[in-house]
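Subject: Structure for your review

Dear colleague,

Please find the sequence and the structure below. My findings follow directly after them, and I would be grateful if you could read them with the structure open.

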Amino acid sequence: MGGIFRYSIFRGFPKMCERCAICDLKFEREPGYFLGAMYLSYGLGVFIMAPIALLLWFLTGWGLTKVILWAVVLFLPFAPTITLFARVLWIYLDQSIDPEGPR
């Protein structure tokens with residue numbers, strides 16, 4: 001599969017290519033296609049933020065509210081990368097379950 005995004009995340013939030021340059025796969029098959037990626041992103045966020053919160057709680061002894069606030073603050077730099085990763089996972093999951101036929 002060719003590149004999914006037009007440029008690196010280090011240059012800003014990248015736009016997606018419309019189609020794969022190699023196999024001509026249309027990345028966004030229909031409006032609302034990436035709604036499933038949003039759920040994956042949420043799950044990945046919880047999967048990453050929970051250990052951060054638990055570690056803060058055990059190491060500092062802070063109250064629950066302060067632990068959650070700091071876990072969110074520490075998680076925020078990872079949010080854009082997780083969003084893009086969830087889109088890529090969604091495309092691969094969708095293609096493994098319901099592949100788009102050859103053109």
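I begin with the charged pairs. Asp 24 and Arg 19 form a salt bridge through their side chains, with a distance of 3.9 Å from N to O. Please bear in mind throughout that this is a predicted model. Neither partner of this bridge is buried: Asp 24 has a relative accessible area of 35% and is therefore partly exposed, and Arg 19, at 27%, is partly exposed as well. Asp 24 belongs to the segment before helix 1. Its backbone also deserves a look, since the phi angle of Asp 24 is near 65°, a positive value in a residue other than glycine.

The structure contains three salt bridges. As general background, side chains of opposite charge can pair when their charged atoms come close. Besides the bridge just described, there is one between Arg 29 and Asp 94, with 2.6 Å from N to O. This pair connects distant parts of the chain, as Arg 29 lies in the segment before helix 1 (35–60) and Asp 94 in helix 3 (residues 79–97), 65 residues apart. The two partners fall into separate accessibility classes. Arg 29 has a relative accessible area of 26% and is partly exposed, whereas Asp 94, at 15%, is buried. The cut-off that decides this is 20% relative accessible area, under which a residue counts as buried.

Arg 29 takes part in a further salt bridge, with Asp 98, at 3.5 Å from N to O. Arg 29 is in the segment before helix 1 and Asp 98 in the segment after helix 3, so this bridge ties together parts that are 69 residues apart in sequence. Asp 98 is partly exposed, with a relative accessibility of 42%. Which residues do the salt bridges that share partners join into one network? They are Arg 29, Asp 94 and Asp 98.

I turn next to the aromatic rings. The structure has three aromatic pairs. One of them is formed by Trp 62 and Trp 70, whose ring centres are 6.4 Å apart and whose planes meet at 40°, so the pair is classed as tilted. The reasoning rests on two limits: planes under 30 degrees apart would count as stacked, and planes over 60 as edge-to-face. Trp 62 is partly exposed, at 28% relative accessibility, and Trp 70 is also partly exposed, with a relative accessible area of 41%.

Trp 62 has a second contact of interest. The charged end of Lys 66 sits over the ring of Trp 62, at 4.5 Å from the ring centre. Lys 66 is part of helix 2 and counts as partly exposed, with a relative accessibility of 41%. Along the chain, Lys 66 and Trp 90 are 24 residues apart, and their C-alpha atoms are separated by 33 Å. A charge is also placed over a ring at Phe 34, where the charged end of Arg 87 sits 4.5 Å from the ring centre.

The packing of the helices comes next. In general, two packed helices are described by the angle between their axes and the distance between the axes. Helix 1 packs with helix 2 (residues 64–75) at an angle of about 130°, and their axes are 9 Å apart. This angle makes helix 1 oblique to helix 2. The crossing of these two helices, helix 1 and helix 2, is right-handed.

Helix 1 also packs with helix 3, here at an angle of about 125° and with the axes 8 Å apart. Helix 1 is accordingly oblique to helix 3. How is the crossing of helix 1 and helix 3 handed, left or right? The crossing of helix 1 and helix 3 is right-handed.

A last point concerns Glu 18, which is located in the segment before helix 1. Glu 18 has a relative accessible area of 55% and is therefore exposed; the limit for this class is over 50%. Glu 18 and Pro 77 are 59 residues apart in sequence, and their C-alpha atoms lie 27 Å apart in space.

With kind regards

Terms used
Residues are numbered from 1 along each chain as its sequence is written. This is a predicted model: local features need pLDDT of at least 70, side-chain atom pairs count only at pLDDT 80 or more; totals for chains, interfaces and linings use all residues. Side-chain values use heavy atoms; hydrogens and water are left out. Rings of Phe, Tyr and Trp (its six-membered ring) pair if their centres lie within 6.5 Å; planes under 30 degrees apart count as stacked, over 60 as edge-to-face and the rest as tilted. Buried means under 20% relative accessible area, exposed over 50%, partly exposed in between (1.4 Å probe, protein chains only). A charge sits over a ring if NZ of Lys or CZ of Arg is within 6 Å of the ring centre and within 35 degrees of the ring normal. A salt bridge is a side-chain nitrogen of Lys or Arg within 4 Å of a carboxyl oxygen of Asp or Glu. Helices (H or I, at least four residues) and strands (E, at least two) are DSSP runs, numbered from the N terminus. Axes are lines fitted to C-alpha atoms, for helices over the stretch in contact, and angles run from 0 to 180 degrees between N-to-C directions. Angles under 35 degrees count as roughly parallel, over 145 as roughly antiparallel, 65 to 115 as roughly perpendicular and the rest as oblique. A crossing is left-handed if the near helix is turned anticlockwise from the far one by less than a right angle, and right-handed if clockwise.
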